[in-house]
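Dear colleague,

I am passing on the structure we spoke about, and I would be grateful if you could look through it alongside the notes below.

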Amino acid sequence: MLAGRPALLRDACERAVAYLDGVASRPVAPSEEAVAGLLELGFPLPRQGLGATHVLHVLDEVGSPATVASNGPRYFGFVTGAAFPAAQAASWLSTAWDQNAALTVMSPVAARLGEVAVGWIADLLGLPSGIPGGFVTGATMANATCLAAARDAVLTRHGWDAGRDGLVGAPPVTVVVGAEVHATVRKALGIIGLGRDRAVVLPADGQGRIVARDLPALDGPAIVCLQAGNVNTGASDPFPPLIEWAHDHGAWVHVDGAFGLWAAASPATASQVAGVAGAESWATDCHKWLNTTYDCGLALVFDPETLRLAMEASASYLPGSGAESMHLTPQSSQRARGVEVWATLASIGRDGVGDLVERCCRLARRFADGMRAAGFAVLNDVVLNQVLVSFGDAARTDAVIAAVQADGTCWCGPTTWHGQRAMRVSVSSWCTTDDDIDRSVAAITACAR
Ligand SMILES: *Cc1c(COP(=O)(O)O)cnc(C)c1O
């Protein structure tokens, strides 16, 4: 087995490099034929293994064409970064290490890189220095992690130990969200037992920001969920007045900033998230705007003890002390996410992160300008990397989006914003250029005509 390993890994490396060489020139969505070919992979589990070389061959021949070229320059769906070369390479090396990042004793290097990366990110995002953070699968789990810590902390202040006794019989926790709260905050609230649909909803303005007027009084344990970067418009809530109001009522403030928190990394956009450091917890992603490999979310909480109390697991064979990943996240065994984050940040530096954010925002404005120049309506104020385009009524907009996806020059998905159907454009890839925007605008315009 071991004897064949170098050849197998070189084969994998060559196939991966060839894939990446072609990712910018192929159609962004896979062909129908390639997707239909995936049926081939569903054969009955063979009694005797097919061998690693053959399996790798099948993966590449059948699997590679059925990927979506999101690791390229013209994928504008959801909020999807590509992967920086350093992230990609670090991920390959890290896969060879195959470390379990649960505990320092299991991987000193993973623990160290994770800790350093969390410090760098807190610094880049303008958050308090020295705060603990845990790498999780994505902002969904980061929201759940932070909100679990929030739930336990606000109940502890009201004399209830939710970690020990659960929620049955606990004082009710008031949860406040904005009208344009992200679906995964609701999902996270459901997971941690506070309910998807029992939150008090504050009205939002035309860009999805919570309106900081006529705010209600809050009684008892309370959690206020704010947002940096609305998934449709890119707009962020006005943090200073909302955080002040929440704190006047003794509430914990949680911020969902999956991509929007990164606005802090560029002087051109930092004012949009001014004051966000005053919250108690923050959820963000590295696999979106930072362009690391998947999956890589980050939960940050202002106080190490609160996060640890909510997440720790104790057993006689487990080290209990210190900032161990398994005591800061819902996971025990976990991949070494910090390796790719550290490598990405170290390779591009502080200026590189700022340039990335600024460039994506500039390219989003270029996209919006191109759409307007072609006669189509841009529905949002393009303040960050998100653009919403309408091509007329819902049926027509959906038809244009379908044509754009089939054309393959770029990929954009649909959304509905305040009752109007729109094409969503999210410029989140490190390798997107002016030319990619212009080619995409031209292709979309041709599809719409
Ligand atoms: C993408 C996103 C999430 C969920 O992030 P995942 O990494 O997919 O779990 C949460 N909130 C916002 C605002 C997002 O854009």
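What follows goes through two helices and one residue in turn.

Please keep in mind that this is a predicted model.

I begin with helix H9, residues 239-248, in which Phe 239, Leu 242, Ile 243, Trp 245 and Ala 246 are buried. These residues lie on the same side of H9, because the arc they cover around the axis is only 160°. The face turned away from that buried side carries Glu 244 and Asp 248, both of which are exposed. Among the elements covering the buried residues of H9 are four strands, namely E2 (174-178), E3 (200-202), E4 (222-227) and E5 (252-256). Just after the helix comes Gly 250, which takes a positive phi of about 70°.

Helix H5 runs over residues 108-124, and since its 17 residues at 1.5 Å a residue should span 24 Å, the 24 Å between its end C-alpha atoms agrees with what is expected. Its buried residues are Ala 110, Leu 113, Gly 114, Val 116, Ala 117, Val 118, Ile 121, Ala 122 and Leu 124, and their cover includes strand E1 (133-136), strand E7 (297-301) and helix H11 (337-373). Gly 126 follows H5 and has a positive phi, near 70°.

Lastly, Arg 151 is placed in helix H6, residues 139-157, and counts as buried because its relative accessibility is 15%, where the cut-off is under 20%. Apart from neighbours within four places in sequence, Arg 151 is in contact with Leu 167, Ile 192, Leu 194 and Ile 223.

With best regards

Note on methods: Residues numbered from 1 in each chain as written. Predicted model: local features only at pLDDT ≥ 70, side-chain atom pairs only at ≥ 80, totals over all residues. Heavy atoms only, no water. Buried < 20%, exposed > 50% of the residue type's maximum accessible area, 1.4 Å probe, protein only. Helix = DSSP H or I, 4+ residues; strand = E, 2+ residues; numbered from the N terminus. Arc of directions from axis to C-beta. Contact = heavy atoms within 4.5 Å. Expected span 1.5 Å × (residues − 1).
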